[in-house]
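User: I should like a close look at one part of the structure shown here. Please begin with a single pair of side chains and then place that pair in its surroundings.

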Amino acid sequence: MTVLGLGLFTLIGVGIRLLVMMTIQQRNQRLNRQINERLRTLIAAYKTLGGSFTGDLAVDPSHLRDRRRRGEGGAEEAEALAPSAEPGGSERARRIRDAVEGALSDIVLLGTEEQVRLAERAARELIGGRPVHTHELVVSLRDFIRKALDLAPIPPELTIPMQGPARPSASGGGRGKGERGGGEGRQGGGGGGMGMGMGMGMGMGGGLGLAEGDEPPSGGRHG
């Protein structure tokens, strides 16, 4: 009975230990997934808010309908503000503003207290129709991400230029060119196949003519 009691006690202890270890492991895995997802989202927000060092580093909050309501221009400016405007016009400003608004929303959800305050202030500036600079928020994100990834802080003697929202780049044209190039390559491959078929047919025809002839050419006889 003593041996059975010790064995039962040991078995129960091992089971409790395994259960605790599995619970702790699952909790750590869940925390790691949450941290990774948070870092991934904040890194994407950092790239959106601070992906540019040159050009206009402020976010233009104005909408086309707001400008038309205020009557800031006639037909010429309405055409300039149309969605089909050239890169650098209203369409690019609209895309930058939309990307910045999405990044601010992510920061309000997953950022630290300081980052949430900065994002809230930037959102209020956008609502008020005032240009927004995102450099201060970008610096806070950069410091937090480097600390979370266990990276050394940026040396204080370095003076990093002001950062602004990343400028969107059109990628549809390159894709269309690639597809056209692929189609041309496939057409060229088909032409090569046709040429090989014709060459093989001509060779086979020549061989048949030689077999059916009375005698081969003199050069072939000497060979």
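Which side chain meets that of Arg-40 in a salt bridge, and at what N to O distance?

Analyst: The side chain of Arg-40 meets that of Glu-37 in a salt bridge, at 2.7 Å from N to O. A salt bridge here is a side-chain nitrogen of Lys or Arg within 4 Å of a carboxyl oxygen of Asp or Glu. This is a predicted model, in which local features need pLDDT of at least 70 and side-chain atom pairs count only at pLDDT 80 or more, while totals for chains, interfaces and linings use all residues. Residues are numbered from 1 along each chain as its sequence is written, and side-chain values use heavy atoms, with hydrogens and water left out.

Arg-40 and Glu-37 are three residues apart in helix 1 (residues 2-49), so about one helical turn separates them. Helices (H or I, at least four residues) and strands (E, at least two) are DSSP runs numbered from the N terminus. Glu-37 has a relative accessible area of 42% and is partly exposed. The classes are buried for under 20% relative accessible area, exposed for over 50%, and partly exposed in between, with a 1.4 Å probe and protein chains only.

The pair belongs to a set of eight salt bridges in the structure. Another of them joins Glu-136 to Arg-121, at 2.8 Å from N to O. Glu-136 lies in helix 6 (residues 135-148) and Arg-121 in helix 5 (residues 113-127), so this salt bridge ties together parts that are 15 residues apart in sequence. Glu-136 is partly exposed at 47% relative accessible area, and Arg-121 is likewise partly exposed at 44%. A further salt bridge links Arg-130 with Glu-125, whose closest N and O atoms are 2.8 Å apart. Arg-130 is partly exposed at 42% relative accessibility, as is Glu-125 at 26%. Elsewhere, Glu-91, Arg-94, Arg-97 and Asp-98 are joined into one network by salt bridges that share partners.

Helix 1 also contributes to the surface in another way. Leu-8 is placed in helix 1 and, at 51% relative accessibility, counts as exposed. Together with Leu-11, Ile-12, Ile-16, Val-20 and Ile-24, Leu-8 forms a nonpolar surface patch of about 580 Å² of accessible area. Patches consist of residues with over 30% relative accessible area and no salt bridge, like charges being joined within 9 Å and nonpolar side chains (Val, Leu, Ile, Met, Phe, Trp, Tyr) within 5 Å. Accessible areas come from the Shrake-Rupley method with a 1.4 Å probe, and for residues only the protein chains shown count as cover.

Leu-49 is likewise in helix 1, but is buried, with a relative accessible area of 0%. The C-alpha atoms of Leu-49 and Val-100 are 6.3 Å apart, although their positions lie 51 residues apart along the chain. Residues up to four places away in sequence aside, Leu-49 touches Val-100, Ala-103, Leu-104, Ile-107, Thr-134, Leu-137, Val-138, Leu-141, Gln-163, Gly-164 and Pro-165. Contact means heavy atoms within 4.5 Å.

Leu-49 is one of the residues with the most contacts inside the largest nonpolar core, which has 19 residues. Val-100, Leu-104, Ile-107, Leu-137 and Leu-141 are the others named for this. Helix 1, helix 4, helix 5 and helix 6 each give two or more residues to this core, and helix 4 gives the most, with five. Such a core is a set of buried Ala, Val, Leu, Ile, Met, Phe, Trp, Tyr and Cys residues joined through side-chain atoms within 4.5 Å.

Helix 6, which carries Glu-136, has His-135, Leu-137, Val-138, Ser-140, Leu-141, Arg-142 and Ile-145 as its buried residues. Their cover includes helix 1, helix 4 (90-110), helix 5 and strand 2 (132-133). Beyond its neighbours within four places in sequence, Leu-137 is in contact with Leu-49, Leu-104, Ile-107, Gln-115, Leu-118 and Ala-119. Just after helix 6, Asp-150 takes a positive phi of about 60°.

For the chain as a whole, there are eight helices and two strands, in the order α-β-α-α-α-α-β-α-α-α. Of its 223 residues, 20% count as buried. Among contacts between residues at least 6 apart in sequence, 75% join residues at least 24 apart. The accessible surface comes to about 16400 Å², of which 59% belongs to carbon and sulfur atoms.
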